[in-house]
Structure formats: structure tokens, C-alpha cells
Amino acid sequence: MVKITDGSNGLNGNARLIGGSALARLLQPVRGRIMMCAILSALGSAAGLAPYIAIAEIFRIVLETPDHSATWVWVGIGINGALLRLVLTFFSSRLGHYADADILHNIRVRIVRHLGVLPLGWFRAAGSGAIKKVMTSDLEEMHQLIAHSLGEMIGAATAILVAFGYLFS
């Protein structure tokens, strides 16, 4: 849920929460980027477990067989998994931040258009501080939701699922 102000009496309206459908409409222009961010985050999270799985497999090889030549395969898998995680997480974060910048720009443009049709007396009653707060602070609070939260939640869930999948296989 996202906190917004009620448009019935301007920026000083009562705060209320909007549901998922309104948030989905708000994020519609950047849905593709957000979905790719989530996919890359999931893949990066899964790849990030490769070094830990490689360590477990190396210990298994060392403890169970006298021939340790297969350990180098797992060393390569661990290193490549770590590098892949770094690359995928980087691009996931970039896409999330590009989506954030686009959506916040669109919201600011909509607010400015709305402010352009308000009577001048409204600005005196509302005060410049309230307008500045909406244009900067309130919108910047959405940054965490758009640019970070989805990717982090998807990544955490993927890590848990992949770890359980490995442990119980």
C-alpha cells in the first residue's frame, strides 16, 4: 500500500492508502522494466548461491573420494556463479532505478499540470512548504518501493527456494 493525499481538497487533504489496483495503474508504464528487474534479481540470487553449493560439493568430494581433480570444476562453478550474480544484480538494479526515474518524472509532470490549473488563492492557503514536500520528499519515499523492494523480495524468495531445493535434493 502507498500513502497518498486525497485530491478532493488539494495537497492538504486527508492521507489515505491506495490499493494494489491503483498502484498497478501507476506502475503500468514501467511494468516491463520492473518485470525484467524481478527476473534478473531472481537469476542473480540463484547464481549467488553457486559459491556456497560449490564449497559443499568440494567438501563432499574431498571427504568421499581420493581423486580430487573434480574440485577444480566446482571452484570454477563457484567463481562463475559469484561473477554472474554481480552482473545480474547490477543490471537488475539499473532497470529498477530507470523505472523509478521514469515513474517519478511522470508523477511530477502530472502534479505540475494540476498545479497549473489551481486558483492562486489555493497556493496561499496551502503554502509553498506543502507543495515542496509533495514534489520532493513524498515522491522520493516511493524510490524504495519502485527501485529496490520488488527486486529484493524476489531475490530473497528465490534464494530460499533454491537453497531448500539443493538441501533436499
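How much surface does the chain expose, and what share of it do carbon and sulfur atoms supply? In this predicted model, about 10900 Å² of the chain is exposed, and carbon and sulfur atoms account for 68% of that area. Of the 169 residues, 30% count as buried.

The chain contains two strands and seven helices. Read from the N terminus, the order of elements is β-β-α-α-α-α-α-α-α. Among contacts with a separation of 6 or more, 69% involve residues that are 24 or more positions apart.

The largest nonpolar core comprises 19 residues, of which Leu27, Ile103, Ile107, Ile111 and Met142 touch the most other members. At least two residues of this core are supplied by each of α1 (20–27), α4 (71–116), α5 (120–126), α6 (128–140) and α7 (142–167). Helix α4 provides the largest share, with six residues. With residues up to four places away in sequence left out of the count, Ile107 touches Leu26, Leu139 and Met142.

Four salt bridges are present in the structure. Side chains of opposite charge can pair when their charged atoms come close. One of the four joins the side chains of Arg33 and Asp102, with an N to O distance of 2.2 Å. This pair links distant parts of the chain, since Arg33 belongs to helix α2 (residues 31–48) and Asp102 to helix α4, the two being 69 residues apart. Arg33 counts as partly exposed at 33% relative accessibility, and Asp102 likewise counts as partly exposed, at 31%.

A salt bridge is also formed within helix α3, between Glu57 and Arg60, whose closest N and O atoms are 3.2 Å apart. Glu57 and Arg60 are separated by about one helical turn because they stand three residues apart in this helix. Glu57 counts as buried, with a relative accessibility of 12%, which is under the 20% limit for that class. Arg60, by contrast, counts as partly exposed at 41%. A further salt bridge connects Lys133 with Asp138, the closest N and O atoms lying 2.8 Å apart. Lys133 is partly exposed at 45% relative accessibility, and Asp138 is partly exposed with a relative accessible area of 23%.

Helix α3 (residues 50–64) also contains Phe59. Together with Ile55, Val62 and Leu63, Phe59 makes a nonpolar surface patch of about 430 Å². Phe59 has a relative accessible area of 53% and is therefore classed as exposed, the limit for this class being over 50%.

Two aromatic pairs were counted. In one of them, the ring centres of Phe90 and Phe91 are 5.1 Å apart and the ring planes stand at 75 degrees, so the arrangement is edge-to-face. Both partners count as partly exposed, Phe90 at 44% relative accessibility and Phe91 at 45%. The pair formed by Phe164 and Phe168 is stacked, with 5.8 Å from centre to centre and 15 degrees between the planes. Here Phe164 counts as partly exposed at 46% relative accessibility, whereas Phe168 counts as exposed at 68%.

Technical notes
Residues are numbered from 1 along each chain as its sequence is written. This is a predicted model: local features need pLDDT of at least 70, side-chain atom pairs count only at pLDDT 80 or more; totals for chains, interfaces and linings use all residues. Side-chain values use heavy atoms; hydrogens and water are left out. Helices (H or I, at least four residues) and strands (E, at least two) are DSSP runs, numbered from the N terminus. Buried means under 20% relative accessible area, exposed over 50%, partly exposed in between (1.4 Å probe, protein chains only). Contact means heavy atoms within 4.5 Å. Accessible areas come from the Shrake-Rupley method with a 1.4 Å probe; for residues, only the protein chains shown count as cover. Patches are made of residues with over 30% relative accessible area and no salt bridge: like charges are joined within 9 Å, nonpolar side chains (Val, Leu, Ile, Met, Phe, Trp, Tyr) within 5 Å. Rings of Phe, Tyr and Trp (its six-membered ring) pair if their centres lie within 6.5 Å; planes under 30 degrees apart count as stacked, over 60 as edge-to-face and the rest as tilted. A nonpolar core is a set of buried Ala, Val, Leu, Ile, Met, Phe, Trp, Tyr and Cys residues joined through side-chain atoms within 4.5 Å.
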